[in-house]
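Colleague: Please take a close look at the cysteine pairs in this model. Start with where the confidence is low, then go through the links one by one.

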Amino acid sequence: MRARCPARAPHPSPARGNYGCGIESQLESWYRFLVQPDPYQSMTVTNGHAQWVGVDSTILAQRANFLRPDSLVAIIDMTDENDSEIDVRALNGQGYAFMAQTFDPPRGTTGCAENSSNSGLDESMSCNSCAFASNASSDPSCQMGAYSAGNDWGFNENLRHVHMEQKYGVLPQFPVQRYVLGLTSTTVPDRNGEYPSGAQSYQGLTNRDCVNPLFAASLPDGSSTDPTTLCKLPAGTRTPDLIYYAHIGGVPHQLLQEDPTNPDSPQKETLAAADWTAILGNDPLNYDYTGIDVHMIESYQPRIGLPLGPSATPDPASGYDWITDQGAQHVLEVDREYACTFPLTTPRDCTDTSDPSVYYACDCPSTTGLTPQQLPPLCDPTTQTQQIAAKAYPTERELLLAKLMGQQGFISSLCPIHVQPATGQTQTTDPLFGYNPAVNGIVDRLKVSLSSACSTQKLVPTPSADGGVSGYVSCLVLVALPAGTSGGTCTNPGAACDPKLGLYPPSSDPNALFQQSLLDTFCQDHTQQGADPQITADQPVCELQQVVLDPSDTQDCSGYMNPGWCYVQGAAATKLGCAEPNTIEFVTGSPPSGTVAALQCLEQAVSVTGSDAGGD
């Protein structure tokens with residue numbers, strides 16, 4: 001989903017600027033689509049007070065068509081900028097003004113400034129807007145007047161969302177907890193719960209009287225939009241452990257790598273408390289940035305500890321800091337320092353302002369004239385109009401949401417570890433190339449929930465040699481490995497099938513399920529365009545072994561010592577969240593990361609939810 005611009009604010013530099021909404025809504029866009037019981041149709045302003053009106057029946061219909069009540073839901077948010085949604089109804093409906101370029105925002109009082117230790121506001125109890133403060137006439141900050149200069153990050157509407165309480169003494173944004181509850185709570189507020197009559201600030205953290213659509217058994221299709229129809233939904237079977245939030249954004253990959261000094265180090269599977277402190281500080285909700293890494297500080301001014309301007313020893317994460325608010329040639333009148341940068345494989349010529357594809361894509365000036373310290377680190381110092389790198393700003397709110405989601409949250413850097421495949425590797429096989437670390441990490445995290453796949457038909461275990469029940473069912477789990485693994489191909493996997501991973505090639509035993517003829521057919525079918533799953537001819541395909549804990553198949557195998565999969569029935573399957581008491585479950589760690597798995601049951605057609613359990 002693309003970020004939504006609730007009310008288009010004019011760009012400060014229409015003759016030289018990045019195209020698009022300057023007030024991006026990375027979080028609110030998916031909340032409105034997936035969670036908001038009564039998504040608004042439009043915004044109206046009456047006597048200076050904004051309100052949402054109507055109900056968007058199209059969104060309701062799309063939501064009903066999109067969400068299955070028992071599916072896993074993964075929101076993958078990829079952005080280079082911090083969420084900047086404005087709560088238009090905040091401040092008694094005056095929050096919308098922060099989206100307008102014609103609005104000169106009043107400053108916050110002196111107590112709103114960050115204290116000298118960066119551990120909170122200077123006097124948080126006395127922090128207020130100069131528009132409301134009783135001592136505004138004598139407060140030194142208020143005496144400076146409202147923000148009005150185009151190159152002031154307090155006035156520029158693209159940057160108003162940054163440190164709002166510090167700059168303005170008010171916070172006309174939705175709290176991040178709104179989005180945490182939207183992904184974890186079975187109940188959420190409708191618009192009346194968010195702003196009941198007389199409320200001047202958001203009340204939706206406690207007034208949660210509606211069933212969350214993510215946890216509903218069925219959803220309204222938009223044909224009726226009365227409050228009861230939208231709010232009082234039947235409870236469904238989806239549980240919070242089936243909902244994930246993944247963010248690929250503004251954080252240096254060095255803060256996520258196991259060894260930040262090694263350019264070939266993999267990304268950590270999980271982050272410790274110290275890692276989160278380096279990313280967000282001690283308590284970002286209360287402006288306590290103690291312990292934060294310098295690259296994650298949101299600032300329009302050069303940050304202490306990073307080089308200013310081109311340097312013989314550039315910073316490995318962001319290049320260098322620069323003067324963002326001076327220089328007539330700048331694309332933006334004022335900007336923020338970057339969390340990270342990465343080289344472009346093809347430089348971008350920014351001189352052709354007649355070509356929109358160039359004009360809107362460039363972060364470098366179209367003419368020369370900037371001093372070295374004014375030049376963004378994305379631009380060639382010898383040819384200022386040539387862009388040689390891309391960037392990401394610190395994405396604090398998205399990162400904080402991922403942290404608050406715990407094991408259901410995942411983050412990765414928008415700035416790749418490898419922008420070119422390592423020697424001897426390809427874009428597919430290099431695990432550190434591009435966004436492979438993000439994709440593989442997300443898949444590994446989702447596998448926790450996809451480790452069991454509920455089947456709608458009961459399978460019949462095959463008989464044992466003594467006439468009893470063996471516990472095995474006539475199904476295969478075929479695993480497609482990354483292209484070129486150990487020199488194997490789809491029809492000739494060879495040594496790519498590693499028994500230590502529970503993977504085996506076709507058998508020569510005529511009684512075995514996995515025969516070469518079956519593999520040939522599978523490869524022929526699944527290398528076709530539009531196949532599900534679709535693989536390539538150079539991806540080795542192996543059988544993942546089936547394990548049996550007991551012939552009755554009433555124990556789950558997630559913690560089994562050997563890799564593989566099992567068929568589980570009865571109470572054990574029900575405990576795993578299956579509506580039917582039957583499930584296909586994978587041992588933790590199976591199938592291997594970065595693979596695609598497909599289930600084939602030979603005795604009967606079986607509908608399986610989430611059969612690509614280990615897949616991309």
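Modeller: Over residues 1–18, pLDDT (the predictor's confidence in each residue, from 0 to 100) stays under 50. The model has 58 contacts beyond four places in sequence for this stretch, a contact being heavy atoms within 4.5 Å. Residues 603–616 also stay under 50, with 52 such contacts. Where pLDDT is low, the predicted coordinates should not be read in detail. Over the chain, the average pLDDT is 87, and 89% of the residues score at least 70.

Some ground rules come next. This is a predicted model: local features need pLDDT of at least 70, side-chain atom pairs count only at pLDDT 80 or more, and totals for chains, interfaces and linings use all residues. Residues are numbered from 1 along each chain as its sequence is written, and side-chain values use heavy atoms, leaving out hydrogens and water.

Now the cysteines. A disulfide is a covalent bond between the sulfur atoms of two cysteines. Here the test is a pair of cysteine sulfur atoms within 2.5 Å. The structure holds 9 disulfides. Three of them follow.

Take C112 and C127. Their sulfurs are 2.0 Å apart. The link is right-handed, with 105° about the S-S bond. Both ends sit in the loop between α3 (90–93) and α4 (164–168), 15 residues apart, and the pair links distant parts of the chain. Helices (H or I, at least four residues) and strands (E, at least two) are DSSP runs, numbered from the N terminus. Are the two ends buried or exposed? C112 counts as buried because its relative accessibility is 0%. C127 has a relative accessible area of 13%, so C127 is buried too. Buried means under 20% relative accessible area, exposed means over 50%, and partly exposed lies in between (1.4 Å probe, protein chains only).

Next, C340 and C415. The S to S distance is 2.1 Å. The torsion about the S-S bond is about 80°, so this disulfide is right-handed. C340 belongs to strand β7 (residues 340–349), while C415 lies in the loop between β9 (409–413) and α11 (436–450). The two are 75 residues apart, and they link distant parts of the chain. C340 is buried because its relative accessible area is 1%. C415 counts as buried because its relative accessibility is 2%.

The third link joins C364 to C379, with 2.1 Å from S to S. This one is left-handed, at -105° about the S-S bond. Both cysteines lie in the loop between α9 (356–359) and β8 (386–392), so the pair ties together parts that are 15 residues apart in sequence. C364 and C379 are both buried.

One helix deserves a look as well. In α8 (residues 273–280), the buried residues are D275, W276, A278, I279 and L280. They pack against α10 (396–404) and β9. β9 borders the loop that holds C415. After α8 comes G281, with a positive phi near 90°.

So much for the helix; back to the links in short. The C112 and C127 link is right-handed, the C340 and C415 link is right-handed, and the C364 and C379 link is left-handed.
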